[in-house]
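Reader: I have a protein model to study. Please show it, and then let me ask how its labels are earned.

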Amino acid sequence: LTKTLAGIYATAMVAVATDHGIAFLVANDRLLAKLEQRGIVRAAQVKLYVNAVGTNSAHKYICRRPDFSSPAALAAKRAFAQTELSAHDIDYAWIYDCFTLMLVRQAADYFGIDAQAAANSLKNGMISVGGKDIPVNRQGGILNTQAAIALSAATGLIDIMAYATENPQAKNFLFGGNGGIDTTNAVALLSREPNERKQAVLPAMPQQLTDLQALTENEVLTLYAAVPVRFNPGSEVPFALGAFRRQDETLCLARIVDTDLKAITDVASLRRDKAQFTVRLIDGRPFAMTR
């Protein structure tokens with residue numbers, strides 16, 4: 001593959017190794033039985049039923065989000081609300097891992113535990129929920145297989161089916177994925193037996209902010225989070241980038257500068273929800289100046 005065709009992806013990400021197997025998505029049990037009788041597909045050794053699917057999305061621009069929370073937690077709540085299953089009933093999980101941090105963050109949100117606790121248990125290949133250790137991504141996830149992003153869902157399904165085949169005692173499975181830098185999230189709950197659907201009112205999706213006003217000179221901002229940036233093509237580094245709450249509770253991003261308008265690089269002393277800054281417009285660009 002040439003660089004022109006592969007684009008920004010490494011060759012291994014767009015030339016996935018395959019055993020030339022073929023997968024069929026069959027709409028229902030009756031059609032599957034018919035295909036098996038005709039010898040078109042081989043009878044499945046393991047059958048899993050999709051008992052619930054929960055989704056959630058957030059705006060791709062953080063200024064239109066009410067906060068930085070991941071859509072993951074609500075997606076999981078919407079899935080579990082449709083069945084009698086709880087997070088503690090899950091025996092195995094496959095979680096989309098475009099980046100290591102995403103695996104930690106998603107696992108914590110799906111199972112409703114602290115992110116640090118999730119990281120500690122994921123080091124051992126599992127997530128600990130109420131004293132139960134639930135294996136996660138035993139085939140290494142897409143970070144290990146270098147599966148193309150477009151094939152990540154197939155990678156997860158293969159992983160879950162392989163685990164279900166090798167571990168007949170496992171009954172319930174969680175399949176989670178996200179896209180658009182954690183803009184959209186989906187959780188599917190699979191089981192060996194079809195579960196009765198609950199008549200439940202699903203948790204509502206958060207409203208996205210639409211009425212936004214441009215930053216103005218001398219506007220006061222409150223720090224939400226800050227990070228030092230040490231690599232940014234086309235820009236002088238290092239500098240500190242901050243996320244701020246405005247007085248109307250919307251969010252914005254701006255570079256942090258001192259009272260001499262020089263870039264700040266040390267963010268350790270900046271306190272979330274306490275440090276305040278003043279907007280300075282320089283050539284039309286907003287900067288957050290220390291007060």
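Author: The turns below set computed values against definitions. This is a predicted model, where local features need pLDDT of at least 70, side-chain atom pairs count only at pLDDT 80 or more, and totals for chains, interfaces and linings use all residues. Residues are numbered from 1 along each chain as its sequence is written, and side-chain values use heavy atoms, with hydrogens and water left out.

Reader: Why is Glu219 called buried?

Author: Buried means under 20% relative accessible area (1.4 Å probe, protein chains only), with exposed over 50% and partly exposed in between. Glu219 has 13%, so Glu219 is buried. Buried residues make up 39% of the 291 residues in the protein.

Reader: What makes the link between Glu219 and Arg246 a polar contact?

Author: A polar contact is a pair of N or O atoms within 3.5 Å; within protein, one must be able to donate a hydrogen and the other to accept it, and residues adjacent in sequence count only if both atoms are side-chain atoms. The side chains of Glu219 and Arg246 are joined at 2.8 Å, so the term fits.

Reader: Which residues does Glu219 touch, leaving out those up to four places away in sequence?

Author: Contact means heavy atoms within 4.5 Å. By that rule, Glu219 touches Ala214, Arg246, Phe277, Thr278 and Val279.

Reader: Where is Glu219 found?

Author: Glu219 lies in the loop between strand E6 (184-191) and strand E7 (220-229). Helices (H or I, at least four residues) and strands (E, at least two) are DSSP runs, numbered from the N terminus. The protein has eight helices and eleven strands.
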